[in-house]
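I opened this entry to keep track of what I looked up in the model, going from the chain as a whole to single residues.

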Amino acid sequence: MYVCICKGITEKQIQEAVTSRNSNNPKEILKALGVGSDCGTCVEDAVKSLLDAHAHAPFEMKDTSNNT
Ligand code: FES
């Protein structure tokens, strides 16, 4: 099932990205896939897919916007 129509990203692709990347930061994973970079309406569903895929290993939810 498509999560991000604009970029053509499926739930399966998000789950595969979670298991194949060394990142535990959901923002990095979504950014790498391009999810939410166009209209942005998919972000909530994409985060749910990420959390489902990563249910046994919690993400490190840190704010990377202030890197000073
Ligand atoms: S549906 Fe994902 S950016 Fe538009």
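**Chain and contacts**

I began with the contacts of the protein chain whose separation is 6 or more, and found that residues 24 or more positions apart account for 59% of them. The model I am reading is a predicted one, and I keep that in mind throughout.

I then listed the elements: the protein chain has three helices and two strands, and from the N terminus on they run β-β-α-α-α. For burial, I noted that 22% of the 68 residues in the protein chain are buried.

**Nonpolar core**

Next I looked up which residues form the largest nonpolar core, and got a set of twelve: V3, C4, I9, I14, A17, V18, I29, L30, V35, C42, A46 and L50. Sorting this core by element, I found that β1 (2-4), α1, α2 (26-33) and α3 each give two or more residues to it, and that α1 provides the largest share, three residues.

From the core I picked V35 and asked what it is in contact with, leaving aside its neighbours within four places in sequence. The list I obtained for V35 is V3, C4, K7, I9, L30, C42 and A46; of these, V3, C4, I9, L30, C42 and A46 are also named in the core, as is V35 itself.

**Helices α1 and α3**

I turned to the pair formed by helix α1 (residues 11-20) and helix α3 (residues 43-53), whose axes come within 9 Å and cross at roughly 50 degrees. Angles from 35 to 65 degrees lie between the roughly parallel and the roughly perpendicular classes, and α1 and α3 are therefore oblique to each other. As to handedness, I recorded that α1 passes α3 in a right-handed crossing.

Which residues meet here? On the α1 side I found E11, I14, Q15 and V18, and on the α3 side A46, S49, L50 and A53. By class, I put down five nonpolar, two polar and one charged residues for this contact of α1 with α3.

**Residue V43**

Last, I checked V43, which has its place in helix α3, and asked whether it is buried, exposed or partly exposed. I noted 15 C-beta neighbours inside 10 Å for V43, and because a residue needs 20 or more to be buried and 12 or fewer to be exposed, V43 counts as partly exposed. I also looked up its distance to K27: V43 and K27 are 16 residues apart in sequence, and their C-alpha atoms are 10.0 Å apart in space.

How values were computed. Residues numbered from 1 in each chain as written. Predicted model: local features only at pLDDT ≥ 70, side-chain atom pairs only at ≥ 80, totals over all residues. Axes fitted to C-alpha atoms, helices over the stretch in contact; angles between N-to-C directions. Helix = DSSP H or I, 4+ residues; strand = E, 2+ residues; numbered from the N terminus. Parallel < 35°, antiparallel > 145°, perpendicular 65-115°, else oblique. Left-handed = near helix turned anticlockwise from the far one by under 90°. Contact = placed C-beta atoms within 7 Å. Nonpolar A, V, L, I, M, F, W, Y, C, P; charged D, E, K, R; others polar. Core = buried A, V, L, I, M, F, W, Y, C linked by C-beta atoms within 7 Å.
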